[in-house]
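Work through the following exercises on aromatic rings and nonpolar packing, and compare each of your results with the solution given below it.

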Amino acid sequence: MFVDIPSADVKARRGQGMDSVGGARIAVDQFTAVSVDSIEDQLRELRRERDALRRENRVLKIAVAELERVSERDTLTPLFNRRYFLTAIHHRMARFERHAERAAVVFVDVNQLKYINDNFGHAAGDFALMEIAKRLAASIRATDVAARIGGDEFGLILDQSTEEGARAQVERLRSVLAATPAHYDGHDIALSACFGVAMLQMGMTESDILAAADRDMYKSKQRQGAPAGHR
């Protein structure tokens, strides 16, 4: 029987081929190891970037919330501002038109602020406004709204109120303001205000309702003997 015995050259070539295959396998293993390490590094970097973005997002949310709060608040008193107040009336109007939920809008005009400023200084006038704001806010319900809508003007929204109930509440507020003077720098400053009431009505805008409450306030001021236009 004839047996073909590979020559040394053939064996060498086959050995070299196996070495080449083995070398390729080693190279693939090395390439795979390097790729895995590279991917792991990239994943770690992406996680760091994700965490940094999450932190920045939390900071931005806090900043936006603070800006929204500031945009709704009066710069002197702890009450809401005119912008927020008109928006609140608009929302009450929508509820009134859909569900007939009544509400009263009250216009509050502080008496004698010019006198306080002229005799005790503008700081005393600011103190009087802050004291009035605190008393108004403490005397209404959590569902109601109190705002400073002008220099010496405040606005209230009394939810679920009839006109009779709103006018009774106005009398209580008048008594709360006048009950005790504000004490500032050794001086007793008497506090008082005129009030006007307007009820929500179909077809009226928030500006219309506020103007109606303002007109009612002027009628109240005239009944008290103050000349028209006196603030």
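**Exercise 1.** Decide whether Phe127 is buried, partly exposed or exposed.

*Solution.* Begin with the cut-offs, by which buried means under 20% relative accessible area, exposed means over 50%, and partly exposed lies in between (1.4 Å probe, protein chains only). Phe127 has a relative accessible area of 25%, so Phe127 is partly exposed. Tyr184, at 22% relative accessibility, likewise counts as partly exposed.

The model is a predicted one, in which local features need pLDDT of at least 70 and side-chain atom pairs count only at pLDDT 80 or more, while totals for chains, interfaces and linings use all residues. Residues are numbered from 1 along each chain as its sequence is written, and side-chain values use heavy atoms, with hydrogens and water left out.

**Exercise 2.** Classify the ring pair formed by Phe127 and Tyr184.

*Solution.* Rings of Phe, Tyr and Trp (its six-membered ring) pair if their centres lie within 6.5 Å, and planes under 30 degrees apart count as stacked, over 60 as edge-to-face and the rest as tilted. The centres of Phe127 and Tyr184 are 5.3 Å apart and their planes stand at 40°, so this pair is tilted. Next, locate the partners: Phe127 belongs to helix H4 and Tyr184 to strand S4, 57 residues apart, where helices (H or I, at least four residues) and strands (E, at least two) are DSSP runs numbered from the N terminus.

**Exercise 3.** Classify the pair of Tyr115 and Phe120 in the same way.

*Solution.* With ring centres 6.5 Å apart and planes at 80°, Tyr115 and Phe120 form an edge-to-face pair. Tyr115 is partly exposed at 45% relative accessibility, and Phe120 is partly exposed at 27%.
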